[in-house]
Amino acid sequence: MAYHSSVGCDLGGDQPTGYATPSACFHTPEITITRLVPVLIFAQLLHAASYGALHAVSVQYIQGFFGKHHHGQGQALYSGLTFGAGGALGAWISGFLVDGYSTSAAFWGGAVAMALAIVVTWRGLQPPPKEA
């Protein structure tokens, strides 16, 4: 199965680019790695649990920096910076990596970003101030 970077799915062969069956469009990297459905389900559940834990801790952490009357503003700032700006920047950079190199480069770029985030969190994250 061949992929075309500007379309996202292509069956190759005698079919024109962009005209693929739905199953070709849903061919994800996880399915490429394994066709074992239980492994796929376990990976998705692990992803959901780790993201849920991260989000719950992040919301609680952000609330510690804002007074009782400003929790909503703190959550808006958190959402805007992480989901908005962070997601846009990650998509932009990964697009350059995929077009310039490969999808593997985008994966490893994400891994490097995650490793940097761990270092920043471990070294630079301070506890919220205590309420008086």
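These are my notebook entries on a predicted model of a protein.

**Entry 1: overall fold.** I began with the secondary structure. I counted five helices and zero strands in the protein. Read from the N terminus, the order of elements is α-α-α-α-α. I then looked up burial. Of the 132 residues in the protein, 9% are buried.

**Entry 2: the largest pocket.** I turned to the pockets next. For the largest pocket I noted a volume of about 1400 Å³. Its lining has 33 residues. Leu54, Thr82, Ala113, Met114 and Ala117 are the lining residues that lie nearest the centre of this pocket.

Which helices supply the lining of the largest pocket? I found that α3 (37–63), α4 and α5 (103–124) each give at least two residues to it. The largest share is from α4, with 12 residues.

I also sorted the lining of the largest pocket by residue type. I wrote down 21 nonpolar residues, 12 polar ones and no charged ones.

**Entry 3: a patch on the surface.** I went on to the protein surface. Leu89, Trp92, Ile93 and Phe96 make a nonpolar patch there, of about 450 Å².

I picked one member of the patch, Ile93, for a further look. Ile93 belongs to helix α4, which covers residues 71–100. Is Ile93 buried, partly exposed or exposed? Its relative accessible area is 41%. Buried means under 20% and exposed means over 50%, so I entered Ile93 as partly exposed.

**Entry 4: note on α4.** Helix α4 came up twice in my lookups. It holds Ile93 of the nonpolar patch, and it supplies 12 residues to the lining of the largest pocket.

Note on methods:
Residues numbered from 1 in each chain as written. Predicted model: local features only at pLDDT ≥ 70, side-chain atom pairs only at ≥ 80, totals over all residues. Heavy atoms only, no water. Patch = residues over 30% accessible without salt bridge, like charges linked within 9 Å, V, L, I, M, F, W, Y side chains within 5 Å. Areas by Shrake-Rupley, 256 points an atom, 1.4 Å probe, with all protein chains shown as cover. Salt bridge = Lys/Arg side-chain N within 4 Å of Asp/Glu carboxyl O. Helix = DSSP H or I, 4+ residues; strand = E, 2+ residues; numbered from the N terminus. Buried < 20%, exposed > 50% of the residue type's maximum accessible area, 1.4 Å probe, protein only. 1 Å grid on protein atoms, 1.4 Å probe; cavity = no way out; pocket = protein on both sides within 12 Å on 5 of 7 lines; lining within 4 Å. Points joined across faces, edges and corners; volume = space filled by probe spheres on them. Nonpolar A, V, L, I, M, F, W, Y, C, P; charged D, E, K, R; others polar.
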